[in-house]
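I opened the model today and kept notes while going through it. The entries follow the order in which I looked things up.

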Amino acid sequence: MVAATTDKTFTTDTASGVTLTDFWATWCGPCRMQSPVVEQLADEMGDKVTFNKMDVDANPETASNFGIMSIPTLLVKKDGEVVDTLVGYHSKDQIKQTLAQYL
């Protein structure tokens with residue numbers, strides 16, 4: 001499952017373990033392509049990785065804090081620290097490979 005996160009809950013939601021947050025917006029075409037891929041990964045890897053998504057229009061503060069200028073952006077954190085950032089559309093295999101480095 002991919003949980004929605006907000007500016008208020010982001011720090012808590014990504015504080016421990018390996019997390020992937022999908023920064024997206026409803027009007028973004030590539031985001032609509034990325035979303036099902038993230039959902040599939042959450043189904044497959046949800047026991048090892050926490051998956052979140054954040055609407056950048058509703059939550060501009062967090063995106064700004066991390067310098068996110070393009071969406072989709074996938075932010076990977078381990079124990080609260082940013083360890084990787086994927087900008088633009090990425091395939092399931094590419095994301096899986098990235099996450100595997102931090103498990």
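**Entry 1: the sheet.** Before listing strand neighbours I fixed the criterion: two strands pair if DSSP finds at least two bridges between them. I also note that the model is predicted. With that criterion I read off an open sheet of five strands in the order β1-β3-β2-β4-β5, with mixed pairing. The edge strands are β1 and β5 (81-87), each of which pairs on one side only. I get an average twist of 25 degrees from one strand to the next.

**Entry 2: pairings, one by one.** I went along the sheet in its own order. Strand β1 (residues 2-4) runs parallel to β3, with three bridges between them. Within this pairing I noted that Ala3 has Asn52 of β3 as its bridge partner. Strand β2 (residues 18-24) is also parallel to β3, over seven bridges, and Asp22 stands opposite Lys53 there. Between β2 and β4 the sense is antiparallel, with six bridges; Val18 has Lys78 of β4 as its bridge partner. Six bridges also join β4 to β5, which run antiparallel, and I found Thr73 opposite Val87 of β5.

**Entry 3: the helix on the sheet.** I asked which strands α2 touches. Helix α2 packs on the sheet and touches β1, β2, β3 and β4. Its direction makes about 155 degrees with that of β3. I then checked the handedness of the connection: β2, helix α2 (residues 29-45) and β3 form a right-handed β-α-β unit.

**Entry 4: β3 and Met54.** I wanted to know how many of the seven residues of β3 are buried. Six of them are, so β3 is largely enclosed by the rest of the structure. I picked Met54, which lies in this strand (residues 49-55), for a closer look. Is Met54 buried or exposed? Its relative accessible area is 0%, so Met54 is buried, the cut-off being under 20%. Leaving out residues up to four places away in sequence, I listed the contacts of Met54, among them Thr5, Phe10, Phe23, Trp24 and Thr62. I also took one C-alpha to C-alpha distance: Met54 and Ala3 are 8.8 Å apart in space and 51 residues apart in sequence.

**Entry 5: rings.** I counted two aromatic pairs. For Phe10 and Phe66 I have ring centres 5.5 Å apart and planes at 70 degrees, so this pair is edge-to-face. Phe10 is in helix α1 (residues 10-13) and Phe66 in the loop between α3 (60-65) and β4 (73-78), so the pair ties together parts that are 56 residues apart in sequence. I looked up the accessibility of both residues. Phe10 counts as buried at 2% relative accessibility, whereas Phe66 counts as partly exposed at 35%. Ring pairs link Phe10, Phe23 and Phe66 into a cluster. I also checked for a charge over a ring and found the charged end of Lys53 over the ring of Trp24, 4.6 Å from its centre.

**Entry 6: backbone details.** I looked for the position of a cis peptide bond and noted the one from Ile71 to Pro72, with omega near 0 degrees. Pro72 lies in the loop between α3 and β4. Next I asked what phi Asp79 takes in the hairpin of β4 and β5. Phi of Asp79 is positive, near 50 degrees, and the hairpin has two residues between the strands. I flagged this value since the residue is other than glycine.

**Entry 7: Gly46.** My last stop was Gly46, in the loop between α2 and β3. Gly46 has a relative accessible area of 42% and is partly exposed. Setting aside neighbours within four places in sequence, I found Gly46 in contact with Leu41 and Phe51. Gly46 and Gly29 are 17 residues apart along the chain, and their C-alpha atoms are separated by 25 Å.

Notes. Residues are numbered from 1 along each chain as its sequence is written. This is a predicted model: local features need pLDDT of at least 70, side-chain atom pairs count only at pLDDT 80 or more; totals for chains, interfaces and linings use all residues. Side-chain values use heavy atoms; hydrogens and water are left out. Helices (H or I, at least four residues) and strands (E, at least two) are DSSP runs, numbered from the N terminus. Buried means under 20% relative accessible area, exposed over 50%, partly exposed in between (1.4 Å probe, protein chains only). Contact means heavy atoms within 4.5 Å. A crossover is right-handed if, with the strands pointing away from the viewer, the path from the first strand over the helix to the second runs clockwise. Rings of Phe, Tyr and Trp (its six-membered ring) pair if their centres lie within 6.5 Å; planes under 30 degrees apart count as stacked, over 60 as edge-to-face and the rest as tilted. A charge sits over a ring if NZ of Lys or CZ of Arg is within 6 Å of the ring centre and within 35 degrees of the ring normal. Axes are lines fitted to C-alpha atoms, for helices over the stretch in contact, and angles run from 0 to 180 degrees between N-to-C directions.
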